Amino acid sequence: MAHAVDILRTGAWLTRERVKLVVFGLIAASLIAVVYVVATSDGLNDRFGRPLGTDFSNVYAAGTYVLDGNAAAAFDPPRQYAREQAIFGAATPFYGWHYPPYFLGLAALLAAMPYALALALWQGVTFALYLWVTRAILNTGRARALADPLWLPLVIGFPAVFVNLGHGHNGFLTAALFGAALLQLDRKPILAGVLFGCIAYKPQFGLLVPIVLAASGRWRAFIAAATTVAVLTIAVTLAFGLDIWSAFLASTRFTRAVVLEQGETGWHKIQSVFSVVRMWGGGIPLAYAVQGAVTLAVAGGLVWLWRSRASFAIKAAALAIGIILATPYSLDYDLMLLAPAIAFLAADGMQRGFHPWQKSLLAALWLVPILARPASQAMLIPLAVPAMLVAFSWLLRRAMTQTGTKTLWPFAIRPLK
C-alpha cells in the first residue's frame with residue numbers, strides 16, 4: 001500500500017510508454033467512432049435519428065429564427081422544438097436553447113449555411129483556436145513542453161475534445177477565450193478583459209472572474225470586461241429589441257426548473273456539486289445550500305490565492321478549475337475548461353520541476369472527462385467533481401508552500417512538506 005501511494009505521489013507510474021498507449025488508443029478509437037457516425041448518417045441525422053452534433057442542432061434552429069426576423073422564438077421551448085423537428089424530423093429529441101441573446105448573431109451566421117457545413121466549420125474553427133491557445137500556454141514554460149512532440153497528441157487526444165465533438169458544442173471556444181484571456185492578463189490587460197467579457201455567452205462561468213480581477217487589483221481588465229459586456233448588451237438590444245431580454249429571462253425558468261433542478265438533461269451529464277446532491281436523493285434546497293457553500297469556499301480561496309505571491313500558473317489553473325466548481329450548471333463537455341489548467345500546470349512543471357502528486361493530478365484531470373459520464377451512470381459519482389475538488393485543494397496547498405503561509409483562514413490547512 002505504501003509503495004502504491006509513493007508511486008502516485010511521485011508520478012513514477014506515468015511512463016512515456018503508458019502515456020502514448022492511452023493517448024493514441026483514445027485518438028484512434030474516437031476517430032473510428034466519428035467516421036462511423038458520419039458514414040452511417042444521411043448528412044443531417046445519424047443512424048439513430050439524432051442530429052449530427054446533437055446539441056449543435058439547437059444553435060442552428062435558433063439561428064434560423066434570427067434569419068426569419070423572430071429571434072425571441074428561440075427562447076420559447078415548444079417553438080424551438082417545433083423548429084428542430086421541422087429541420088431534423090419529427091422523431092428528433094428536444095435540444096433546448098439556454099444561451100443569452102449574445103450568442104444569437106453567431107447562430108444566425110451558422111444557420112445561413114447548410115447544416116453539415118455549419119457544423120464542420122463551427123467545430124473546425126473553434127478547435128483550431130483551442131489548439132493555438134493551448135500551444136501558446138505550453139510555450140510559457142520556455143518552450144520545453146513544445147520540444148517534446150508528444151504535446152500535440154496530448155492536446156488533440158484530451159478526452160473532453162471528443163465529448164465536445166460528439167455534442168457539437170462550444171467547449172473549444174470557451175476554453176480558447178478563457179486560456180487566451182489568462183495569457184494576456186498581465187501583458188495586455190485590456191485585451192484580456194475583452195476576452196473575459198466575451199465569455200458572457202456562457203454566464204455561469206463568469207461569476208468568479210470579476211471577483212478575482214477586483215481582488216487582485218487588475219482594474220483595467222475588470223473595466224474592459226465590464227465594458228465588453230455592456231457593448232454586447234447594447235448591440236443585442238439594438239439588433240433584436242428590448243423584448244429579447246424578457247424572452248430570455250422567461251426561458252431561464254425552464255432551464256432552472258426542468259434542466260437543472262429536475263435533471264431532465266441527465267444527472268450523469270451534469271458535473272457539479274449540485275448534481276451530486278440531487279443524484280443522491282437530496283432535495284433542491286439542500287443542493288443549493290451545498291453548492292453555495294462550495295462556491296463561497298472556492299471564491300474565498302481564489303481571492304486569497306490571487307492576492308498572494310504564488311506563481312501565475314497556480315493562479316491560472318485554480319481559476320479555470322474554480323469557475324467550473326462554482327456553478328451548479330456544468331456538463332461534461334464544459335470540462336474543456338480543464339485544458340488551460342492542465343496546460344499551465346504542465347508548462348510550469350516542465351520549467352520548475354514537478355512537485356509531489358502533480359503528475360498524478362494532471363493525469364486525473366486529463367482522463368476524467370471520458371470517465372465522468374459512465375461513472376455517474378454506474379456508481380452515481382460524477383468523477384469530475386471530486387477530481388476538481390482535490391486538484392483545487394492541492395493548488396491552494398501548493399500556493400501556501402510557495403508563500404510560506406501556515407494557515408488559510410477560516411480553514412486550518414497544513415502546507416505540503
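This passage looks at helix H14 and at some of the salt bridges in a predicted model.

Helix H14 runs through residues 243-261, and its 19 residues reach 26 Å from the first C-alpha to the last, close to the 27 Å expected at 1.5 Å a residue. The helix is nevertheless kinked by about 30°, with the kink centred on Thr255. Thr255 is also one of the buried residues of H14, a group that includes Ile244, Trp245, Phe248 and Val259. These buried residues pack against four helices: H5 (104-111), H13 (219-240), H15 (273-279) and H16 (284-307). After H14 comes Gly263, which has a positive phi near 70°.

Within H14, the side chains of Arg256 and Glu261 meet in a salt bridge, at 3.3 Å from N to O. Arg256 is partly exposed, with a relative accessible area of 38%, whereas Glu261 counts as buried because its relative accessibility is 9%, and the cut-off for buried is under 20%.

Looking across the whole structure, a search finds seven salt bridges. In one of them, Arg83 pairs with Asp68, with the closest N and O atoms 2.9 Å apart. Arg83 belongs to helix H4 (residues 77-88) and Asp68 to the loop between helix H3 (56-67) and H4, so this pair ties together parts that are 15 residues apart in sequence. Asp68 is exposed, with a relative accessible area of 51%.

Another salt bridge joins Asp334 and Lys202 at 3.2 Å, N to O. Asp334 sits in the loop between helices H17 (312-325) and H18 (338-352), and Lys202 in the loop between helices H11 (189-198) and H12 (209-215), so the pair links parts that are 132 residues apart in sequence. Here, both Asp334 and Lys202 are buried.

Conventions: Residues numbered from 1 in each chain as written. Predicted model: local features only at pLDDT ≥ 70, side-chain atom pairs only at ≥ 80, totals over all residues. Heavy atoms only, no water. Helix = DSSP H or I, 4+ residues; strand = E, 2+ residues; numbered from the N terminus. Expected span 1.5 Å × (residues − 1). Bend = angle between axes of the 7 residues up to and from the residue. Buried < 20%, exposed > 50% of the residue type's maximum accessible area, 1.4 Å probe, protein only. Contact = heavy atoms within 4.5 Å. Salt bridge = Lys/Arg side-chain N within 4 Å of Asp/Glu carboxyl O.
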